[in-house]
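Good morning, colleagues. I should like to take a few minutes for one protein, moving from the overall fold to its aromatic pairs.

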Amino acid sequence: MLMLTLRLSGVDVWIPGIVLLGILIGFLIGLFGVGGGFLLTPLLKVVFGIPYPVAVGSSLLQIFINSSIATFRHWRSQKVDFKLGLILAVGALGGTEIGVRILTRLQRSAPIVINNRPFSPVDLVLNILFLVLLSAVAIFILFETTRGTATQEVSTAMSRWLRTIRLQPTLFFPRSGIASYSIWIPILLAVFVGVLTGLMGVGGGFVNFPLLIYVIGVPTHIAVGTSVFQVLLASGYGATRHIFLGNVEFILVLILFPGSFAGVQLGVKVSQ
């Protein structure tokens, strides 16, 4: 009952379950400025049995749609540093292309044999990466809750040191309260985030968000909006690349959208 067969994946999915997943992902995007792909992609694979390449491509298109809505809401609240977001996008787009090419190479690779059992290189590599990244997120959350801080201004030794680097060109980011900052630092950080986007179908916000706060020193409320703007640009590029590779299940994205739309609205309100 209420089952749908996906053409690209060849699997049956329970429609209400997909809608509920969309609500969860949309809420995370609106609240934290993360893309939500760090949960969406593995859940599509593990819970619904959708192959990783299709889960990655479909996740990126869904994240792009959600991020468009969230960016608009945060822009209206004047919580987006567009200058910094565009600088991040330069590195993120390059990194996304690298990630897409790595995923394509893994798809075409021969099975990996471990103890006389063949394993798909895509499944093996992405399972390990998601395990590592989700564990890192859990550790980070635990660390944050034990600190018990309640301020939107975070100043770390690393963020203060990085502001002393004068590698040209440098820019002034008034929205983030940063007087002078070398553009190469956010670009290099964004390349790393972009690789995760193209390879794993994650918006990158769950990595980008803490980098903005703890490494670059952006105030939390500005980091949320700026992160989701960068996610918008990177996921849009990644989704386009995967559409041409035939890795996007459009009907799946269509089912996810109503729940995610409602979730984004709720997440943005809670964030404010």
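How much area does the protein expose, and what share of it do carbon and sulfur atoms supply? The exposed area is about 12500 Å², and carbon and sulfur atoms supply 70% of it. Please bear in mind that this is a predicted model.

Let me turn to the fold. The secondary structure consists of 10 helices and six strands. The radius of gyration is 19 Å, close to the 19 Å that the globule rule gives for 272 residues, so the protein is as compact as a globular protein of that length. Its C-alpha trace spans about 55 × 40 × 40 Å along the principal axes. Of the 272 residues, 52% count as buried. Among contacts with a separation of 6 or more, 74% come from residues 24 or more positions apart.

As for charge, there are 17 positive and 7 negative charges, and their mean positions are 7 Å apart.

I come now to the aromatic rings. Searching the whole structure yields four aromatic pairs. One of them is Tyr-52 with Phe-130, a stacked pair at 6.1 Å centre to centre with 15° between the planes. Tyr-52 belongs to helix 3 and Phe-130 to helix 5, so this pair ties together parts that are 78 residues apart in sequence. Both Tyr-52 and Phe-130 are buried.

For Phe-82 and Phe-229, the ring centres are 4.9 Å apart and the planes stand at 80°, so the pair is edge-to-face. It links helix 4, which holds Phe-82, to helix 9, which holds Phe-229, across 147 residues. Phe-82 is partly exposed, at 32% relative accessibility, whereas Phe-229 is buried, at 9%.

Methods. Residues numbered from 1 in each chain as written. Predicted model: local features only at pLDDT ≥ 70, side-chain atom pairs only at ≥ 80, totals over all residues. Heavy atoms only, no water. Helix = DSSP H or I, 4+ residues; strand = E, 2+ residues; numbered from the N terminus. Rg over C-alpha atoms; globule rule 2.2 N^0.38 Å. Buried < 20%, exposed > 50% of the residue type's maximum accessible area, 1.4 Å probe, protein only. Contact = heavy atoms within 4.5 Å. Areas by Shrake-Rupley, 256 points an atom, 1.4 Å probe, with all protein chains shown as cover. Lys, Arg positive; Asp, Glu negative; His and termini not counted. Charge placed at Lys NZ, Arg CZ, Asp CG, Glu CD. Phe/Tyr/Trp six-rings, centres within 6.5 Å; stacked < 30°, edge-to-face > 60°.
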